[in-house]
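Thanks for sharing this one. Here are some notes to read with the model open beside you.

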Amino acid sequence: MTFRPLHDRVLVRRIEADEKTAGGIIIPDTAKEKPQEGEVVAVGPGARDESGKLVALDLKVGDRILFGKWSGTEIKLNGEDLIIMKESDVMGVIEATATLKKAA
């Protein structure tokens, strides 16, 4: 089954956070918070402005995004936990850096 969001909505898969802290401490499941980072799985066609023209979304499938803790509606689709949210709930796109510069 395929799913296509309507209007300015996006379908997001949460990206699970690391189970260890930077210091090596393992975080138990009961102490973990839900990750606020995800990957866009599907996007809607866009919203309409006052004149009726379609305004395309800035997000695209595969974008890695950051969203609010209580954003969107959680759904289960084909046995997978996903989130449907409006594009306005997305705080930003995380872009991978090509190369990291090391201090000499």
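**Notes on the predicted model**

1. Let's begin with His7. With a relative accessible area of 48%, His7 is partly exposed, because that class covers values between 20% and 50%. His7 sits in the segment before strand 1. Please look at its backbone too: phi is positive there, about 55°, although His7 is not a glycine. Do keep in mind that this is a predicted model.

2. Next comes Asp8, which is also in the segment before strand 1 (9-14). Is Asp8 buried or exposed? Its relative accessibility is 16%, so Asp8 counts as buried, the cut-off being under 20%. Which residues does Asp8 touch, once neighbours within four places in sequence are set aside? The contacts are Gly46, Ala47, Leu57, Met85, Lys86 and Glu87.

3. Two of those contacts of Asp8, Leu57 and Met85, lead us to the nonpolar interior. Both Leu57 and Met85 belong to the largest nonpolar core, which has 10 residues in all. The other members are Val10, Val12, Val40, Leu59, Ile65, Phe67, Ile83 and Val90. Strand 1, strand 5 (64-67) and strand 7 (80-86) each supply at least two residues of this core. Another core, of five residues, lies apart from it, and includes Leu11, Leu77, Leu82 and Ile84.

4. Now for the strand pairing. How do strand 1 and strand 7 run relative to each other, parallel or antiparallel? They are antiparallel, and four bridges join them. Within this pairing, Val10 has Met85 in strand 7 as its bridge partner. Val10 and Met85 are both members of the largest nonpolar core, and Met85 is also in contact with Asp8.

5. On to the partnership of strand 6 (73-77) with strand 7. These two strands pair in the antiparallel sense over five bridges. Leu77 stands opposite Glu80 of strand 7, and Leu77 is one of the residues of the five-residue core.

6. Finally, please zoom in on the turn. Strand 6 and strand 7 form a hairpin with two residues between them. Asn78 is found in the loop between these strands. What is the phi of Asn78? It is positive, about 55°, although Asn78 is not a glycine. As for its surroundings, Asn78 counts as exposed because its relative accessibility is 56%, and the exposed class begins over 50%. His7 likewise has a positive phi of about 55°, but His7 is partly exposed, so a look at both sites would round off your reading.

How values were computed
Residues are numbered from 1 along each chain as its sequence is written. This is a predicted model: local features need pLDDT of at least 70, side-chain atom pairs count only at pLDDT 80 or more; totals for chains, interfaces and linings use all residues. Side-chain values use heavy atoms; hydrogens and water are left out. Buried means under 20% relative accessible area, exposed over 50%, partly exposed in between (1.4 Å probe, protein chains only). Contact means heavy atoms within 4.5 Å. A nonpolar core is a set of buried Ala, Val, Leu, Ile, Met, Phe, Trp, Tyr and Cys residues joined through side-chain atoms within 4.5 Å. Two strands pair if DSSP finds at least two bridges between them.
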